[in-house]
Amino acid sequence: MSRRVTFKFRLYVAADTINSAQALANLHALCRAYLAGRHEIEVVDVFRDPQRALAESIRMTPTLVKLAPAPVRTIVGTLSETQRVLQALGLTTDAA
Amino acid sequence: MKSRRCPANTALRKAPTGIAGFDEISGGGLPHGRTTLVMGGPGSGKTVFSLQFLINGVRDYGDPGIFVAFEETSKRIQANAGGFNWQLAQLPRKKLLFVDAQPKPDLVQSGDFDLCGMLATLAVQSTEMKARRIVFDALDIVLALLPDLAARRREIYRLQEWLLAQELTCVISLKGGMDEPSSITQQPYGFMQFMVDCSVILNHSVVLGVSQRNLRVQKYRGSSFDENELPFVIGGSGFDVAVVRLLGRADVEVTNERVTSGINRLDTMLGGGYYRAACVLITGFPGTAKTTLSGAFAQAACRRGERTMFISFDSDGTEVIRNLASVGIRLDRYVKSGVLRMVSARTITGSAEMYLARIKALAQAHRALCLVIDPVSALSKSGNELTAHGVAERLIDWSKADRITLVCTSLLDEIAGETEGDTPLHLSNLADTWIHLNHLVQAGERNRGMSIIKSRGSAHSNQVRELILSDAGVTLADIFTAGGEVLMGTMRWEKESAERVASEVAEVAGKLKRVTLDAQQAELEVRLKAVQTELIAKQVEKTLLARTTASRKAEIVRGRARMRELRGGDAAAPKRK
């Protein structure tokens, strides 16, 4: 995997509820640490934009979807377990 | 709405489920605008219950509904629902929404999460379609993903609040649902049972290899309900909860109309036949012509043009028809014309509840007015002993409510001996008319005796009659009681013919005597005549004699006088001048 690949994320949050705020903070921290300068984050508030959540069948919040690079991955939760998140994103080898 | 019948329940609005029997036990349905918990093990019918609640709501009560599927995909649920006669496809699409909420198998979870996303999207859909009902099927799946008990509790409260805000009548189904109070606290979502307004426990167990389902309303805030465990079946139209007639339900209208038993003399013995909508029980050992007796009833019913159903647990319908034809009961033409429906229940397996549900469904489909179940004791096959009596009770209750004249035969246990014992189902106390058939072994032959043990509300004969089967049909013969002994069969025939001969002899003897007497009388009469004639002759003779004597005397006197004159010797008598 090339180091120059840009990671595209979409994070579905439920306004500023504790879990959602935490997930957003965790994602930002993670990107700063491992994906500096090569990430895009889109935040979707399911309360403000329920139609989008509906269209993409988002049931639980917060939900992080990694759109690129393939494969698409979905992670549910506050993203507090960093190792697990990195593993799911395919970043563990890079970090090592 | 059914709850109107119960004034105590008007305070709480109810959302009728339309599930047969459930609305009765819950006094009108589930609490309107509140949450009901449905718990049960695997295959206990949670999804069917919730789905039926939703579908009936759309179809019969105009309540649009949402089905949130956490376990199975909505496609599969809809396909499964197609197996019931709910006509899911004919429901307006916009009124019933299926939402897939299964966690994706490749879903990675890290840390806490909540259901806000789902609730936000559901709120949109619910408002759009003006939903009144919602089902969360297998909520435990998503709850299990939550990291700790506190998070689960939080999400359940979130859900609860959301539901209240949306004013939706909700059914949440959960796996497990142990009934024991001790296990409630151990369950991660056990407290849900305390939170919700109504909780229903579904149970599926196997007793001696036979599946038995039952349902229990565990709690119902603000409403009275039937607290017992009630058997139910999942049949072609979904749930069917067995309800024993509740107190306060209107009594069934009774009638004095009689229907014939198919045997003239039996009708006479019963004071005119069976009552319409009565339950007639025919008990007897194997081979005592129970089927024949019920066949005669079926034939008579068909002859009146009444739709009849004959359920045989012993043999196929065609066999029954052939066998009955041998005693002059011809049912084949009625089967052809559609009046009679023969059902072989030999192939139906399962619980007694299942039998009842099938019988009910078949009878309703056939619009049967008369029903024969041969034998009803088949309900208490192994594994069903405990439930069979309740089933039989409800069978009778149902047939009475539907004004069906029910004739059941019941096999008596051979081991029970020749006494007129009770039936295995204890049906005899429920039956209106109880006819008992038994064998009498006497002088090397076995004959069928029939007696009426009871017949409610009508005078009935106390006589034991002999049941005679022949090509021409079924007849009842008086039995002979001679010297305190009951004679049947050949002995009765012998006795009858002996009596006949004796009476002939007596008649002949009588005639002979009469002739003799006639002859004697005639003879006497002749003699009397002769004597009378003789008497007259004697009288005449006597008269003649008197006359001749007198004339001779006068002649003699005259002669003397003349002689004197002629002699002239004596002076003429002074007399003569």
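User: How many residue pairs are in polar contact between chain A and chain B?

Analyst: A polar contact brings together a nitrogen or oxygen atom from each of two residues, within 3.5 Å. In this structure, which is a predicted model, the count between chain A and chain B is 16 residue pairs in polar contact, where both residues have a pLDDT of 80 or more. For salt bridges the result is otherwise, since the rule finds 0 of them across the interface of chain A and chain B.

User: Which elements of chain A give two or more residues to the side that touches chain B?

Analyst: They are helix H2 (50-55), E4 and H3 of chain A. The contact as a whole takes 27 residues from chain A and 25 residues from chain B, and the area buried between the two chains is about 2100 Å², with carbon and sulfur atoms giving 57% of that area. On the side of chain A, the residues A:Arg59, A:Met60 and A:Val76 supply 31% of the area that this chain buries against chain B, which is more than any other three residues.

User: What is the order of the strands in the open sheet of 5 strands?

Analyst: To read a sheet, one follows the strands from neighbour to neighbour, and here the order is E2(A)-E1(A)-E3(A)-E4(A)-E6(B), with mixed pairing. The edges of this sheet are strand E2 (39-45) of chain A and strand E6 (108-109) of chain B, each of which pairs on one side only. Strand E1 (residues 7-13) of chain A pairs with E2(A) in the parallel sense over 7 bridges, and in this pairing A:Lys8 has A:Glu40 of E2(A) as its bridge partner.

User: Which helices pack on that sheet, and which strands do they touch?

Analyst: Helix H1 (residues 18-34) of chain A packs on the sheet and touches E1, E2 and strand E3 (63-68) of chain A, with a direction that makes about 165 degrees with that of E1(A). Helix H3 (residues 82-89) of chain A also packs on the sheet, where it touches E1, E3 and strand E4 (73-76) of chain A together with E6 of chain B, and its direction makes about 165 degrees with that of E4(A).

User: Where in chain A is the confidence lowest, and where is it highest?

Analyst: One can begin with the average and then turn to single elements. Chain A averages a pLDDT of 83, and 92% of its residues score at least 70. Within the chain, confidence is lowest in helix H4 (residues 92-95), at a mean of 56, and highest in E1(A), at 90.

User: Which residue forms a salt bridge with B:Arg34, and where do the two partners lie?

Analyst: The structure holds 24 salt bridges over all chains, and in one of them B:Arg34 is joined to B:Asp197, with the closest N and O atoms 3.2 Å apart. This pair links distant parts of the chain, 163 residues apart, since B:Arg34 is in the loop between strand E2 (30-31) and strand E3 (35-40) of chain B, while B:Asp197 is in the loop between helix H8 (192-195) and strand E9 (198-207) of chain B. The strands E3(B) and E9(B) run parallel and are joined by 5 bridges, with B:Leu37 opposite B:Ser199 of E9(B).

User: In which sense do strands E22 and E23 of chain B pair, parallel or antiparallel?

Analyst: Strand E22 (residues 465-470) and strand E23 (residues 473-478) of chain B pair in the antiparallel sense over 6 bridges. A hairpin connects E22(B) to E23(B) through 2 residues, and B:Ser470 stands opposite B:Gly473 in E23(B).

Key. Residues are numbered from 1 along each chain as its sequence is written. Chains are lettered from A and ligands numbered from 1 in the order in which they are written. This is a predicted model: local features need pLDDT of at least 70, side-chain atom pairs count only at pLDDT 80 or more; totals for chains, interfaces and linings use all residues. Side-chain values use heavy atoms; hydrogens and water are left out. Two strands pair if DSSP finds at least two bridges between them. Helices (H or I, at least four residues) and strands (E, at least two) are DSSP runs, numbered from the N terminus. Contact means heavy atoms within 4.5 Å. Axes are lines fitted to C-alpha atoms, for helices over the stretch in contact, and angles run from 0 to 180 degrees between N-to-C directions. pLDDT is the predictor's confidence in each residue, from 0 to 100. Buried area is the accessible area (1.4 Å probe) that two parts lose on being put together, summed over both. A salt bridge is a side-chain nitrogen of Lys or Arg within 4 Å of a carboxyl oxygen of Asp or Glu. A polar contact is a pair of N or O atoms within 3.5 Å; within protein, one must be able to donate a hydrogen and the other to accept it, and residues adjacent in sequence count only if both atoms are side-chain atoms.
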